[in-house]
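This report goes through the two-chain structure shown below, beginning with one helix and ending with the confidence values.

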Amino acid sequence: MAINRELSQFAGFVTIDESGNNNVGIATTVRISGGGGLFVGGVEVISPTGIWKGSSSGLIGSQGAQGAVGAQGAQGAVGAQGAQGAVGAQGAQGAQGAVGAQGAQGAVGSQGAQGAQGATGTVGAQGVQGATGSAGAQGAQGATGATGATGATGSAGATGSAGAQGAQGAQGRQGAVGAQGTSGNVTVVAWVNFVGSNGSIRASYNVSSVSRNGTGDYTTNFSSALSSGYSYALSGQERSNSGSRPDFIHNVYTSGEPSTTSIRTIGAFHSNMASYNDHNQLTVTCFR
Amino acid sequence: MDQLILHENEKGGVTLCRPTPEALETYTATEIGFKDATTGKPFWVVSESNIPSEFLFFDAWELDLEALGEPTGYGMDYEDWVQEYKK
């Protein structure tokens, strides 16, 4: 407080009542009475003896003596849970567990190798006899019958060949007799016309040569062999010097059995074959 | 002249074999001789000019083997001839 001011400088704030009360006012609300009380807002707050007269509100007295120990309070609420404790030490190894349950059955194993071949079985019983075979097929139609000899009535066709043998099993019945062969067409298979006196050949078919073995004795040789059983026709004619037509028809015979390669013929004027004679026209025709 | 085939026959006489014109179109006289002469017997192929032209005494003919010389061939079995010469 080193600053000293003139009271007048605070005239606006401090008033003094000199009317006998001697009150000193400060501003408009605080007044100190002449008797020594202090008033605030017209309300005595401190008596001239120094006792507090004002409102006790908001006033705190000096601390009193310590009171007696109060009754024990009610138990407090449960405190918050404490922090988790540190991890404890590892426990000792436990005892060995019980034996586990039995495992499931395993998968089926792969197939085993094939076994060795068994021993040969005993011979089976003899089978029953087979059924009788069916009848053989009918025989093929008989070959064309041979043509009958010249002049005579033609011979009947040869009997057909036998039927084929039946199928396996009991032998089949013999096939039916083939149908009678039809009369075949006459086919000339060789022929020749030659001069009897010297064997000179006029014309021929399938004849390779004519051999003169002697007077009236000739062999006609075939170029290709004929099938056996062929038929033949022989003719011999003599022509006189006076006319163009033959005057005599002579006898011609075969000598021996004709073969498939040749036929031998004999010519004669007389049927008793007393002498052989050459013919001017001699024809040998073979056919079937 | 035609070619003829001569050979001896079973009577000891001569056989005069004359090939046909149709056969000569395919075979020679010798090939025909192999077939038509007596099997196994010799034959000679001769020209017609070399034989007598008169046949009146043909049955009296004889083969002049000396004049004929070596035979042209010998008659063959037909089946053998087919195998050898058949055309």
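Helix H2 of chain B is mostly covered, with seven of its eight residues buried. The buried residues of H2(B) are Ala29(B), Glu31(B), Ile32(B), Gly33(B), Phe34(B), Lys35(B) and Asp36(B). These statements, like everything that follows, refer to a predicted model.

H2(B) covers residues 29-36, and its axis comes within 9 Å of the axis of helix H4 (residues 78-85) of chain B, at a crossing angle of roughly 155°. Because angles over 145 degrees count as roughly antiparallel, H2(B) is roughly antiparallel to H4(B). On the side of H2(B), the contact is made by Glu31(B), Phe34(B) and Lys35(B); on the side of H4(B), by Tyr78(B), Trp81(B) and Tyr85(B). By class, the residues of this contact divide into four nonpolar, no polar and two charged. Glu31(B), Phe34(B) and Lys35(B) thus appear both in this contact and among the buried residues of H2(B).

**The two chains**

Chain B has four helices and four strands, in the order β-β-α-α-β-α-β-α from the N terminus on. Chain A has zero helices and 13 strands. The table sets out the overall values for each chain.

| Chain | Residues | Buried residues | Contacts joining residues 24 or more positions apart, among those with a separation of 6 or more |
|---|---|---|---|
| Chain A | 288 residues | 15% | 47% |
| Chain B | 87 residues | 32% | 77% |

**An open sheet in chain A**

Five strands of chain A form an open sheet in the order E1-E2-E3-E4-E5, and the pairing is antiparallel. The edges of the sheet are strand E1 (14-17) and strand E5 (43-46) of chain A, each of which pairs on one side only. On average, and with direction ignored, neighbouring strands of this sheet are turned by 25° against each other.

At the start of the sheet, E1(A) and E2(A) pair in the antiparallel sense over four bridges. One pair of bridge partners is Asp17(A) and Asn23(A), the latter in E2(A). The hairpin of E1(A) and E2(A) has five residues between the strands, and Gly20(A) takes a positive phi near 110° there.

Strand E2 (residues 23-26) of chain A is also joined to strand E3 (residues 30-32) of chain A, by three bridges, and the two run antiparallel. Here Val24(A) stands opposite Ile32(A) in E3(A), and Gly25(A) stands opposite Arg31(A) in E3(A). E2(A) and E3(A) form a hairpin with three residues between them. In the turn of that hairpin, Ala27(A) has a positive phi of about 50°.

**Where the chains meet**

How many residues of chain A are in contact with chain B? The count is 20 residues of chain A, in contact with 19 residues of chain B. Two elements of chain A give two or more residues to the side that touches chain B: strand E7 (201-205) and strand E8 (207-214). E8(A) provides the largest share of this side, eight residues. By class, the side of chain A that touches chain B has five nonpolar, 14 polar and one charged residues.

E8(A) also pairs across the chain boundary: four bridges join E8(A) to strand E2 (residues 14-19) of chain B, and the two strands run antiparallel. In this pairing, Ser209(A) stands opposite Pro19(B) in E2(B).

**Confidence**

What is the mean pLDDT of chain A? The mean is 76, and 70% of the residues of chain A reach 70 or more. Over residues 144-155 of chain A, pLDDT stays under 50. The model nevertheless has 25 contacts beyond four places in sequence for that stretch. Where pLDDT is low, predicted coordinates should not be read in detail.

Terms used: Residues numbered from 1 in each chain as written. Chains lettered and ligands numbered in written order. Predicted model: local features only at pLDDT ≥ 70, side-chain atom pairs only at ≥ 80, totals over all residues. Pairing = 2+ DSSP bridges. Axes fitted to C-alpha atoms, helices over the stretch in contact; angles between N-to-C directions. Buried ≥ 20, exposed ≤ 12 C-beta atoms within 10 Å, placed from the backbone. Contact = placed C-beta atoms within 7 Å. Nonpolar A, V, L, I, M, F, W, Y, C, P; charged D, E, K, R; others polar. Parallel < 35°, antiparallel > 145°, perpendicular 65-115°, else oblique. pLDDT = per-residue confidence, 0-100.
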